[in-house]
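Hello! Here are some notes to read alongside the coordinates, in numbered points. I hope they help you find your way around.

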Amino acid sequence: MKAAGRKAKGSSAEREFAKMLVDSGLDKFARRMVLSGSVFGLESDIMTKLPFMFEIKNHEKVRVWEFWDQTVNQSLGTTRRPVLVIKSNRRGFLVVMGAGDWLELASYALDKAGGAKYE
């Protein structure tokens, strides 16, 4: 695939994921970050009020550790937690995040659900 096709494929995935954030009610103003990754301070692929720095990847060959390292490096110096969102043709999105961040998020969700913790 030519570079222009790869860029369009990536931009499409970014718009699709931003729409998912809007449709879920998590952030009604979430949108694809213009020039994402190419301007210092605008590394996140999605502009959102959420405390996450999203890196969206739409590849057939998912290189999780390479993509994860990029996501973490882009979040350094920010207060946002790194979140890698990956997608392939004819497959849905998957979310990759650090275990500590996931545990904190799950704990928060349980507290909001009324503390339904398993013993």
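1. Let's start with the layout. Read from the N terminus, the elements of the chain come in the order α-β-β-β-α-β-β-α, which makes three helices and five strands. Please keep in mind that this is a predicted model.

2. A few totals for the whole chain may be handy. The chain has 119 residues, and 34% of them count as buried. Its exposed area is about 8100 Å², with carbon and sulfur atoms supplying 59% of that. Taking contacts between residues at least 6 apart in sequence, 41% join residues at least 24 apart.

3. Now to the interior. The largest nonpolar core holds 14 residues, and those touching the most other members are F17, L21, I46, F54, I56 and V85. Two or more core residues come from each of α1, β3 (52-58) and β4; α1 gives the most, with four residues. If you would like one residue to centre your view on, try F17: leaving aside residues up to four places away in sequence, F17 touches I46, F54, I56, V85 and F93.

4. On to the charged pairs. Side chains of opposite charge can pair when their charged atoms come close. The count of salt bridges here is six. One that I would look at is between R32 and E14, with N and O 2.6 Å apart. R32 belongs to strand β1 (residues 31-32) and E14 to helix α1 (residues 3-24), so this pair ties together parts that are 18 residues apart in sequence. Are these two residues buried or exposed? Both R32 and E14 are buried.

5. A second salt bridge joins R81 and D101, whose closest N and O atoms are 2.6 Å apart. Because R81 sits in strand β4 (residues 81-87) and D101 in helix α3, the pair ties together parts 20 residues apart in sequence. The two partners fall into separate accessibility classes: R81 has 31% relative accessibility and so counts as partly exposed, while D101, at 17%, counts as buried. The cut-off for buried is under 20% relative accessible area. E104 takes part here too, in a network of salt bridges that links R81, D101 and E104.

6. The salt bridge between R63 and E66 has its closest N and O atoms 2.8 Å apart. R63 is partly exposed, with a relative accessible area of 37%, and E66 is partly exposed as well, at 46%.

7. Which residues make the nonpolar surface patch of about 300 Å²? They are V62, V64 and W65. W65 lies in helix α2 (residues 64-75), and because its relative accessible area is 65%, W65 counts as exposed.

8. Helix α3 (residues 99-112) allows a quick check of geometry. Its 14 residues should span 20 Å at 1.5 Å a residue, and the end C-alpha atoms are indeed 20 Å apart, so the two values agree. After α3 comes G114, which has a positive phi, near 100°.

9. One backbone angle deserves a look. Most residues other than glycine have a negative phi. R90, a residue other than glycine, has a positive phi near 60°. Where is R90? R90 lies in the loop between β4 and β5 (94-97). With a relative accessible area of 80%, R90 is exposed.

10. Last, a loop lysine. K49 is placed in the loop between β2 (46-47) and β3, and at a relative accessible area of 63% K49 is exposed. Setting aside residues up to four places away in sequence, K49 touches L26, D27 and R80. K49 and K28 are 21 residues apart in sequence, with a C-alpha to C-alpha distance of 9.4 Å.

Notes:
Residues are numbered from 1 along each chain as its sequence is written. This is a predicted model: local features need pLDDT of at least 70, side-chain atom pairs count only at pLDDT 80 or more; totals for chains, interfaces and linings use all residues. Side-chain values use heavy atoms; hydrogens and water are left out. Patches are made of residues with over 30% relative accessible area and no salt bridge: like charges are joined within 9 Å, nonpolar side chains (Val, Leu, Ile, Met, Phe, Trp, Tyr) within 5 Å. Accessible areas come from the Shrake-Rupley method with a 1.4 Å probe; for residues, only the protein chains shown count as cover. A salt bridge is a side-chain nitrogen of Lys or Arg within 4 Å of a carboxyl oxygen of Asp or Glu. Buried means under 20% relative accessible area, exposed over 50%, partly exposed in between (1.4 Å probe, protein chains only). The expected span of a helix is 1.5 Å times one less than its number of residues. Contact means heavy atoms within 4.5 Å. A nonpolar core is a set of buried Ala, Val, Leu, Ile, Met, Phe, Trp, Tyr and Cys residues joined through side-chain atoms within 4.5 Å.
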